[in-house]
Amino acid sequence: MTSLAGSEPNLWSVKGGNWKVCEGLLNKSSATLNKNTQIIEIIKKPTSTDGGRPLYYLRSVENLINTPFDVVIVAAPLDVRQNFIGCQECTNWPVQSELGQFQQTVATFVNGTLNEDVFGSKPNTIGTMEKPDIFFNSIGKQTSVYKGKEPATPGNVWKVFSRKPLTDEQTAKLFSQTTELKEVIWLAYPHYTPPDKFLPFVLDDGVFYVNAIEWSSSAMEMSALSGRNAALLTARYFNKTKPASQDSGKVHGEL
């Protein structure tokens, strides 16, 4: 059901780009941002201070970042090969070969006219079944984010979801006329092969995993809830003597 939400027309974005949300949060938190730093390993070291809580160090592609961290929050899907981070000393760390995969989704935005010879009268949303002979998943009419406050882009803008980039012939079959086209290729949703193995939210005493939520429901809104859950787990980890990993059964109650 989550994947169907993307075909709906009444979806909104932030003027100037959704990245402005992250920029605003970073500015509000006064956090230090290390750009272009790919982390490949988390190193756990025991300590006799701070109630016996371990310290964590991060190793990047270039070197070991010589700064100890009390807590590490992983906010990237470890299932994607280039995102995987190792941690040999962590108690619940996944084995890379046992992880699932995300399936490619292509979002094609088309400013044009829907082909009435194919779809009949003008629908706002078109859904399909995933079959080899159907080359797209859904088509949804897009609404301007300006909502009358500023002139909207003329014409009709549609979003087409497909597994592969559309060919010129396929685009011509869907639209009788096109004036502009933009394609975005991304890893949108997990590829489910039941029974799936769900990763825990707690990967170690002080390591929490935001993207564990994606295998139950992959959406920005769910990831925001999971981010809040990671913050709650961090607070509990500091406020309780007992490590959070020994009480992971209550994690779902905090979502």
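**Exercise 1.** In this predicted model, find which residue of β3 stands opposite Leu58, then place β3 in its sheet.

*Solution.* Start with the pair: Leu58 stands opposite Ile65 in β3. Next, take the strands. β2 covers 55–60, and β3 covers 64–69. The pairing of β2 and β3 is antiparallel, over 3 bridges. Now widen the view. The sheet is open, has 3 strands and runs in the order β1-β2-β3, with antiparallel pairing. Its edge strands are β1 (39–45) and β3, each paired on one side only. From one strand to the next, the twist averages 25°.

**Exercise 2.** Determine which cysteines form a disulfide, and describe the link.

*Solution.* Apply the cut-off: the two sulfur atoms must lie within 2.5 Å. Cys87 and Cys90 pass, with their sulfur atoms 2.1 Å apart. The count comes to 1 disulfide. Then check the handedness. The angle about the S-S bond is 60°, and the link of Cys87 and Cys90 is right-handed. Finally, check exposure. Cys87 and Cys90 are both buried. Cys22 is partly exposed, at 49% relative accessible area.

**Exercise 3.** Trace the largest nonpolar core and the surroundings of Val74.

*Solution.* The largest nonpolar core holds 26 residues. Ile42, Val74, Leu78, Trp93 and Val207 have the most contacts inside it. At least two core residues come from each of β2, β4 (72–74), β10 (202–204), β11 (207–209) and α5 (220–239). Now focus on Val74. Leaving aside neighbours within four places in sequence, Val74 contacts Ile42, Trp93, Val207, Phe208, Tyr209, Val210 and Asn211. Apart from the largest core lies another, of 10 residues, including Ile139, Trp158, Val160 and Phe175.

How values were computed:
Residues are numbered from 1 along each chain as its sequence is written. This is a predicted model: local features need pLDDT of at least 70, side-chain atom pairs count only at pLDDT 80 or more; totals for chains, interfaces and linings use all residues. Side-chain values use heavy atoms; hydrogens and water are left out. A nonpolar core is a set of buried Ala, Val, Leu, Ile, Met, Phe, Trp, Tyr and Cys residues joined through side-chain atoms within 4.5 Å. Buried means under 20% relative accessible area, exposed over 50%, partly exposed in between (1.4 Å probe, protein chains only). Helices (H or I, at least four residues) and strands (E, at least two) are DSSP runs, numbered from the N terminus. Contact means heavy atoms within 4.5 Å. Two strands pair if DSSP finds at least two bridges between them. Axes are lines fitted to C-alpha atoms, for helices over the stretch in contact, and angles run from 0 to 180 degrees between N-to-C directions.
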